[in-house]
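Got the viewer open? Let's take a short walk through this structure, one selection at a time.

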Amino acid sequence: MAPRFARLLRDSRLALFTMLGVLAVIWAVQVANWLDDYRLSYEYGMSSGRLDELPDVFTMPLLHFGWDHIQANSWPLFAFGFLSAYRGVKRFLLATLLIVVAGGLTVWLFERPDAVTAGASGLVYGYFGYVVLRGIFDRNLVDTAIGVVVGALYSYLLLGVLPSAQGVSWLGHLGGLIGGLAGAWLLRDRAPKTAAAPAPAPAGPGSALLRELDDLGI
């Protein structure tokens, strides 16, 4: 098996377990929150303008206001999160930190003072933006194709950054999206793309496929 392909499989498995862990934490918090009549969301969700609320930037994405809320966020969070992480969890964690801070600060700075914001949708929008642009900035053909497909299939998500729907944190969506787009640029692969000497062709029935994947950067 080609070294790049073996590394991709290893990183993909780690990304899968990472996102399953993230969802497990969010759902465990939801159960505790539900049992406490959602007081956790009101206490540790984000309210704007107060310095003592700034640490809630990091708790806001873990909290939701109901089962419909968390169900709506879970699938896109897992899918976009996996696509963000499958090439390396370290860079994914840095991107996540940037998305969380950008989304939280946008809410803290611009949301009205009487609103409490919670939910993982800022992460969803951040990972969406990160996946769409990462391949272009990394000059990676496969990730660029994934970004084009994701952008085309889920372009309707951009409606969520407009101040139109009641009860939806469009500011959190917008801040998360900005964080994801910025992360794709700031965390881009800066290694020069130099032509490497051709490796010996692997033997076996799958050798042609492995050569193609290696040529594509996988």
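Which residues in α3 meet which residues in α5? Before you click on anything, keep in mind that this is a predicted model.

**Stop 1: α3 against α5**

Select residues 67-85 for helix α3 and residues 121-138 for helix α5. On the α3 side, pick out Asn 73, Pro 76, Leu 77, Phe 80, Gly 81, Leu 83 and Ser 84. Their partners in α5 are Ser 121, Leu 123, Val 124, Tyr 127, Phe 128, Tyr 130, Val 131 and Arg 134. Colour this set by type and you get 10 nonpolar, 4 polar and 1 charged.

Now look at how the pair is arranged. Two packed helices are described by the angle between their axes and the distance between the axes. Here the angle is about 35°, and the axes lie 9 Å apart. The crossing of α3 past α5 is left-handed.

**Stop 2: Asp 143**

Next, select residues 141-153, which is helix α6, and find Asp 143 in it. Is Asp 143 buried or exposed? It is buried, because its relative accessible area is 1%, and the cut-off for buried is under 20%.

Show the side chains around Asp 143. Its side chain makes a polar contact with that of Tyr 86, at 2.4 Å. Another polar contact, at 3.4 Å, links the side chains of Asp 143 and Arg 134. You met Arg 134 at the previous stop, among the α5 residues that meet α3. Leaving aside residues up to four places away in sequence, Asp 143 touches Tyr 86, Arg 87, Val 131, Arg 134 and Gly 135.

**Stop 3: His 69**

Go back to α3 and click on His 69. With 25% relative accessibility, His 69 counts as partly exposed. Again leaving out residues up to four places away in sequence, His 69 touches His 64, Ala 118 and Gly 119. Try a distance label from His 69 to Ala 118: they are 49 residues apart along the chain, and their C-alpha atoms are separated by 9.9 Å.

**Stop 4: zoom out**

Switch to a cartoon of the whole chain. How many helices and strands does the chain have? There are 8 helices and 0 strands, so to speak an α-α-α-α-α-α-α-α pattern along the sequence. Of the chain's 218 residues, 43% count as buried.

Finally, turn on the surface. The chain exposes about 11,900 Å², and carbon and sulfur atoms supply 69% of that. Among contacts with a separation of 6 or more, 80% come from residues 24 or more positions apart.

Terms used:
Residues numbered from 1 in each chain as written. Predicted model: local features only at pLDDT ≥ 70, side-chain atom pairs only at ≥ 80, totals over all residues. Heavy atoms only, no water. Axes fitted to C-alpha atoms, helices over the stretch in contact; angles between N-to-C directions. Helix = DSSP H or I, 4+ residues; strand = E, 2+ residues; numbered from the N terminus. Left-handed = near helix turned anticlockwise from the far one by under 90°. Contact = heavy atoms within 4.5 Å. Nonpolar A, V, L, I, M, F, W, Y, C, P; charged D, E, K, R; others polar. Buried < 20%, exposed > 50% of the residue type's maximum accessible area, 1.4 Å probe, protein only. Areas by Shrake-Rupley, 256 points an atom, 1.4 Å probe, with all protein chains shown as cover. Polar contact = N/O pair within 3.5 Å; in protein donor to acceptor, adjacent residues only side chain to side chain.
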